Amino acid sequence: MNTPSVAMKLDTMDAPPPKHLLRYYEAIEAASEQMLAAARDGDWDRVVKLEGACALLISDLKHAAANLELGAEERQLKGRIMKRILVNDAEIRTLAEPWLEDLDRLMAGRPKMLH
């Protein structure tokens, strides 16, 4: 599948037809894939930046979709995209757990125990 980059300009569409709404979902999916790659690399600063980009895309999607509905075929594709996003999110959360535990220990002033 040819996924657009997070930086693609979706905001230039004033009243997108329902089919164009899928571009938002595809862009969010691409961002989630980039977040997963950054999480796998341990680049948490990049994960946070990409999370912000996702939040903007989701906000734009909500605005664009306010008065539009997807057809049956588009809803099926949206469902498949959403499942991939959720799988990426679950793996990111799994990768983040040790990092978040370390952060909790630092915030509480407890040193990390070495095994």
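This text walks through a predicted model, from its confidence to its largest pocket and one exposed residue.

Start with confidence. The chain has a mean pLDDT of 81. Of its residues, 73% reach 70 or more. The N-terminal stretch needs care: over residues 1-15 the pLDDT is below 50. Beyond near neighbours in sequence, residues 1-15 still have 26 contacts in the model. Where pLDDT is low, the predicted coordinates should not be read in detail. Among the elements of the chain, helix α2, residues 44-64, has the highest mean pLDDT, at 93. Helix α3, residues 72-108, has the lowest, at 87.

Now turn to the largest pocket. Its volume is about 530 Å³. The lining counts 21 residues. Closest to the pocket centre are Met-35, Glu-51, Asp-89, Ile-92 and Arg-93. Three elements each give two or more residues to this lining: α1 (18-40), α2 and α3. Helix α3 supplies the largest share, with nine residues. By residue class, the lining of the largest pocket holds 16 nonpolar residues, one polar and four charged.

Helix α3 also carries Leu-86. Is Leu-86 buried or exposed? Leu-86 counts as exposed, because its relative accessibility is 55% and the cut-off for exposed is over 50%. Leu-86 can also be placed against a residue far back in the sequence. Glu-29 lies 57 residues from Leu-86 along the chain. In space, the C-alpha atoms of Leu-86 and Glu-29 are separated by 9.3 Å.

How values were computed. Residues are numbered from 1 along each chain as its sequence is written. This is a predicted model: local features need pLDDT of at least 70, side-chain atom pairs count only at pLDDT 80 or more; totals for chains, interfaces and linings use all residues. Side-chain values use heavy atoms; hydrogens and water are left out. pLDDT is the predictor's confidence in each residue, from 0 to 100. Helices (H or I, at least four residues) and strands (E, at least two) are DSSP runs, numbered from the N terminus. Contact means heavy atoms within 4.5 Å. On a 1 Å grid over the protein atoms alone, a cavity is a set of points where a 1.4 Å probe fits but cannot get out, and a pocket is an open set with protein on both sides within 12 Å along at least five of seven lines; lining residues have an atom within 4 Å of a point. Grid points are joined across faces, edges and corners, and a volume is the space filled by probe spheres set on the points. Ala, Val, Leu, Ile, Met, Phe, Trp, Tyr, Cys and Pro count as nonpolar, Asp, Glu, Lys and Arg as charged, and the others, Gly among them, as polar. Buried means under 20% relative accessible area, exposed over 50%, partly exposed in between (1.4 Å probe, protein chains only).
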